[in-house]
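Biologist: Could you take a close look at one part of this model for me? I would like to hear about the cysteines and about one spot in a helix.

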Amino acid sequence: MKDFIVTARRQKTEICSLIVCFIIAFLLNVYAIIAYDGKWTELYSTIFYLLIFTVALYVAWTVIRLIIFGIIALYKHFK
């Protein structure tokens, strides 16, 4: 079985992607509070929903990247 090594650069890239997803989810939460005249206490009371949405964004972003890298690999293979 082949060893799988995750480099420090890849770890930094994935952590940055996750942080960006969290910031997007947080900003969407702030927008929803402003748009629907919600209470500002929802910023910390809905943190679990925010984390779930962050993971969903991260998974969607990962799937999109895998599709793009797969298409590029197929293109290079058949070129």
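**Cysteines and a helix site**

Modeller: Happy to! A search of the whole of this predicted structure finds zero disulfides. A disulfide is a covalent bond between the sulfur atoms of two cysteines. Take cysteine 16: the closest cysteine sulfur belongs to cysteine 21 and is 11 Å away, too far for a bond. A pair would have to be within 2.5 Å to count as a disulfide. Seen from the other side, cysteine 21 is in no disulfide either, and its nearest cysteine sulfur is that of cysteine 16.

The surroundings of these two residues are worth a look as well. Cysteine 16 is partly exposed, with a relative accessible area of 47%. Cysteine 21 counts as buried, at 6% relative accessibility.

Cysteine 21 also leads us to the helix. Leaving aside neighbours within four places in sequence, threonine 54 is in contact with Cys21, and also with Leu18, Phe22 and Ala25. Threonine 54 sits in helix α3, which covers residues 47-77. With a relative accessible area of 4%, threonine 54 is buried, because the limit for that label is under 20%. Its side chain has a polar atom 2.8 Å from the backbone oxygen of leucine 50.

One last distance may help you place the site in the model. Threonine 54 and arginine 9 are 45 residues apart in sequence, and their C-alpha atoms are 22 Å apart in space.

Note on methods
Residues numbered from 1 in each chain as written. Predicted model: local features only at pLDDT ≥ 70, side-chain atom pairs only at ≥ 80, totals over all residues. Heavy atoms only, no water. Helix = DSSP H or I, 4+ residues; strand = E, 2+ residues; numbered from the N terminus. Buried < 20%, exposed > 50% of the residue type's maximum accessible area, 1.4 Å probe, protein only. Contact = heavy atoms within 4.5 Å. Polar contact = N/O pair within 3.5 Å; in protein donor to acceptor, adjacent residues only side chain to side chain.
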